[in-house]
Structure formats: structure tokens, C-alpha cells
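Hi everyone, thanks for making time. I'd like to walk you through one helix and then one interface, so let's bring the structure up on the screen.

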Amino acid sequence: MKFSLLVLNAPGAAQSGASALAFAQAVVEAGHELYRVFFYHEGVQHGDSLAVPAQDELDRQAAWAALAADHNVDLVLCIASAIRRGVLDQSEAARHGQSAASAHPGFELSGLGQLVDAHLHCDRLVTFGG
Amino acid sequence: MDGKSLLLVFRRPPYGRSLSRAGYDLALACAAFDQTVSLLFMDDGVWQLLPEQHAERIDARNINSTQASLPLYDIDSLYVDSPSLSARGLDPSALIGGVAQLSEPEVRELMASHSQVLVF
């Protein structure tokens, strides 16, 4: 089965981020295809590479990036949500005259069309948080 | 397209958090990509359907103006869960126009008839 996930909450703010990662790992372990993870609303903070997790906490961003690299999963940050929250890639930082890029290179900034596309191309679109 | 349909369920009050805004943005994006989208308001989401909201007094964007733009994007399938209205003492006649009232079984039917349901 083909899955996509929609992640709505910031990593530190809700259990739903951990649940989304565990679910994503379970999807690929069970042999299903994970097509895309779309981070929307406060969920875009998953892609902020300047955030430093506490030493006794799992580095969930690294886990997402590893999962994506190993299983060819699209990690997409909603561009409108992301730039509003200071998660910018190089080209957005340049476009808006900001001093630094903060988006993790394993995540791509793109539009809501990527979520619509996930809805169209997957058997299941599963939401985490809200 | 392939006959897929999306139901967006709004369950939160209009202000305080920006989650409902994210739902409307997705509705407009669906319309821009020619996808069928329906909106259902239930629980505290029914507060979004009251007219004459003065959001400027709390320095927020008025959700009524976003709702007013929906017909321009051919989004005209708006539904409200009747039990949520009565639980809050809201009279259906007090709501903005163009919203169909659904009973509990009709809400279940609406959800079952869409291929995806997302909650905001």
C-alpha cells in the first residue's frame, strides 16, 4: 500500500511528532511504500536544522533524514508555513534578504500542491497532530 | 481526474491558533489544482460560521473574508454538524449563508463518501 503522512505539530510540542516517525518506520518495515511526508503548519519545525535537541533525547531530525535517504521518501516542508517560522533554505534566505538558511538539506521547501499530489497518489494519507 | 475527493473537517474555534487558517489554505490549494473538496464544521469549529466577526480587534485576519472567497474558487460544499450547533445553543439561522445542516448519520455518510478526511 502507498502511504503519505501529514505532520502538523512542532517536534518538541507534541507526542504526535514521535508517533509520526514511529508510524513511518513501521510503514517501510512492513514493506509498504512511504511516498511523502508533508510537514505543515507548526510541523515545519521538524526541518529546522538550527534546533538543538537535548542530549538525552533522540535526534528525530536525523532519524527522519535517515529514513528518507534509505527508503527514497520525500520530506516536504510547506514553504508558506516554513518561511513564516524561520525555516528557510538557501534560495528563500536570499529571496527574503535573511542572513542565514536554516532548513535541513534532507527536507525540501515546496507548496501545498505537494500535499494535494500526495492525496491523489496514495492509498492512505495519515494525519499526525492538529 | 481519478475521482478522489477530500473532506476537510474544521473542529477548532476560529482564532487563538492558526490551524484553521491552514485548513482554508489547503482548501484553496485543492481548488487551484482542480480537486474536489468539501468542508465540514463540527465541535468548536462551528464558531467559525458566525457572521460579523471583528477579528481586527484582536489583530487577527477575519475568517469571514476567507469564507467569502470560497465561491470564487468553486468551493461550495459547506456542511455543519447540527448536534454541535445545538450543544452550543447556536441557532442555524445565525450562521453565514450557504452551509448545509447535517444530522449525525448524515455526517457519517459524508465522511464515508470521501476518499480522504483531514481534520483541522
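Let's begin with helix α1 of chain A, which runs over residues 16–29. Do keep in mind that this is a predicted model. The helix has 14 residues, and from its first C-alpha to its last it reaches 20 Å, close to the 20 Å expected at 1.5 Å a residue.

Now, which residues of α1(A) are buried? They are Gly17(A), Ala20(A), Leu21(A), Ala24(A) and Val27(A). These residues sit on the same side of α1(A), because they cover an arc of only 125 degrees around the axis.

And what covers those buried residues? The cover includes two strands you can find early in chain A, β1 (2–7) and β2 (33–39), along with α2 (60–71) and β5 (124–128). If you turn to the face of α1(A) that points away from its buried side, you'll meet the exposed residues Ala22(A), Ala26(A) and Glu29(A).

One small detail before we leave this helix: just after α1(A), Gly31(A) takes a positive phi of about 90 degrees.

Let's move on to where the chains meet. Here, 16 residues of chain B are in contact with twelve residues of chain A. On the chain B side, α1 (19–32) and β5 (116–119) each supply at least two residues. Which element gives the most to that side? That would be α1(B), with six residues. As for the kinds of residue on the side of chain B that touches chain A, they divide into eleven nonpolar, two polar and three charged.

That's my tour, and thanks for listening!

Key. Residues numbered from 1 in each chain as written. Chains lettered and ligands numbered in written order. Predicted model: local features only at pLDDT ≥ 70, side-chain atom pairs only at ≥ 80, totals over all residues. Helix = DSSP H or I, 4+ residues; strand = E, 2+ residues; numbered from the N terminus. Expected span 1.5 Å × (residues − 1). Buried ≥ 20, exposed ≤ 12 C-beta atoms within 10 Å, placed from the backbone. Arc of directions from axis to C-beta. Contact = placed C-beta atoms within 7 Å. Nonpolar A, V, L, I, M, F, W, Y, C, P; charged D, E, K, R; others polar.
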